[in-house]
Amino acid sequence: MTVHGELAVVPTATRDEAEQALKDFTEAYNAADKAYDPTLDAHRVTGSLGAINQAGLKARSVTDPDGNPRHRPLELDDAKLVIPRKAGWPRWFVADVDSNTDTDGGQGDNRWLLLFVREGADRMWEAAHLTVLAPDRVPAFRTDADGWAEPAPADGATLAAAPRDLSRDYAAYMKSGEPKVFADGPHTSQLREQRAKISNRPGLSLQFADQELDTGAFAPVGLVTEDGGALVFFSNRIYERATTAHGYRPRVTAEEKPLLTGEVRNTLTKEWVTSLTALVKPGPADTGQVAIVNRVQGVTSLKGS
């Protein structure tokens, strides 16, 4: 009997392979951050983390052409590898690590959850998401007798919401407040309220358009938690358009200028990419069953008109 590799349910990585991927990412990240050179870690980042990282380094390579004067080497220790068993590509795993960017113990303590993705046998492992959580907010993941984790079902068969739909649903929610699957909080109801407050100021109008970002390296993935829910990583794109009254121009900061195309007269459109992490409760579907526990976003381009 022939077992096809793309059909066999196997661990997505060996533990040694995952440890090496984490080491390779850290080395590339440090080199890029020290030199402010996006080419030095472009091969180790992807998805929303990659889009945000590369745009930031591109901008800083212009504002600080001699490199990062405040560079502090990143160290990632106490790695807990959460590796699922699944069939086919892409393959992925999560590294739950302690970084040297926090204060160990107390309110300043946190854990980094790095999602690594590998798109094919000829591709490298790349970091696609970074989630920062307090240690007691990191959920326990369901594992089998051999310690391998369980991927969340994309169709949400056992969950209150389908992971594959979260990007689309979040974009719709930010526009209209529907669907009501998302729990209130700083990344949902409070963010909508903040936008409403700043949308119309004297002499300045702000418009937001949220779009799903869920294909290729941006495809959502998740891990089943011990309670039968899931921790899901997904992405979104935001267009923020600022229009000023006659005689005024939207402000472009020095850090944003390297990402600008076009001439700013009275309109400036910023494109943001957002990395989101959600805790989805077990099914059935109901109101407020998806809690956004982390959101990181960065400007990836600006266009003036």
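The legends below describe close-up views of a predicted model.

**View 1. E240, a buried acidic residue of strand β10.** E240 belongs to β10, which spans residues 230–244. The residue is buried but takes part in no salt bridge. K270 has the nearest side chain of opposite charge, and the separation is 4.6 Å. This does not count as a salt bridge because the cut-off is 4 Å. The side chain of E240 does form a polar contact, at 3.0 Å, with the side chain of W272. Apart from neighbours within four places in sequence, the residues in contact with E240 are L206, Q207, F208, L268, T269, K270 and W272.

**View 2. The largest nonpolar core.** This core has 21 residues. The members that touch the most others are L22, F25, L76, F93, A95, L114 and F116. Two or more residues each come from α1 (15–35), β2 (76–82), β4 (91–99), β5 (111–118) and β6 (126–133). Helix α1 gives the largest share, 4 residues. For L76, contacts beyond four places in sequence are made with L22, F25, T26, V97, D98, S99, W112 and L114. A second core, separate from this one, holds 19 residues, including Y173, V181, A230 and L276.

**View 3. Strand β9 and its hairpin with β10.** Strand β9 covers residues 221–224 and is covered on both faces. V221 and L223 are buried on one side, while G222 and V224 are buried on the other. The pairing of β9 with β10 is antiparallel and runs over 4 bridges. Within β10, V232 is the residue opposite G222. The hairpin has 5 residues between its strands, and G228 there has a positive phi near 95 degrees.

**View 4. Helix α3 and the loop that follows.** Helix α3 consists of residues 166–176. Its buried residues are L166, S167, D169, Y170, A171, Y173 and M174. Among the elements that cover them are α4 (189–198), β8 (204–213), β10, β12 (267–280) and β13 (290–304). G177, just after the helix, has a positive phi of about 85 degrees. The peptide bond joining E178 and P179 is cis, with omega about 0 degrees. P179 sits in the loop between α3 and α4.

**View 5. The cis peptide bond at P284.** G283 and P284 are linked by a cis peptide bond whose omega is near 5 degrees. The loop that holds P284 lies between β12 and β13.

**View 6. Positive phi at Y36 and D78.** Neither Y36 nor D78 is a glycine. Phi of Y36 is near 50 degrees, and the residue is in the loop between α1 and α2 (47–63). Y36 has 6% relative accessibility and therefore counts as buried, the limit being under 20%. D78 has a phi of about 50 degrees and is part of strand β2. With 48% relative accessibility, D78 counts as partly exposed, because only values over 50% count as exposed.

How values were computed
Residues numbered from 1 in each chain as written. Predicted model: local features only at pLDDT ≥ 70, side-chain atom pairs only at ≥ 80, totals over all residues. Heavy atoms only, no water. Buried < 20%, exposed > 50% of the residue type's maximum accessible area, 1.4 Å probe, protein only. Lys, Arg positive; Asp, Glu negative; His and termini not counted. Polar contact = N/O pair within 3.5 Å; in protein donor to acceptor, adjacent residues only side chain to side chain. Contact = heavy atoms within 4.5 Å. Core = buried A, V, L, I, M, F, W, Y, C linked by side-chain atoms within 4.5 Å. Pairing = 2+ DSSP bridges.
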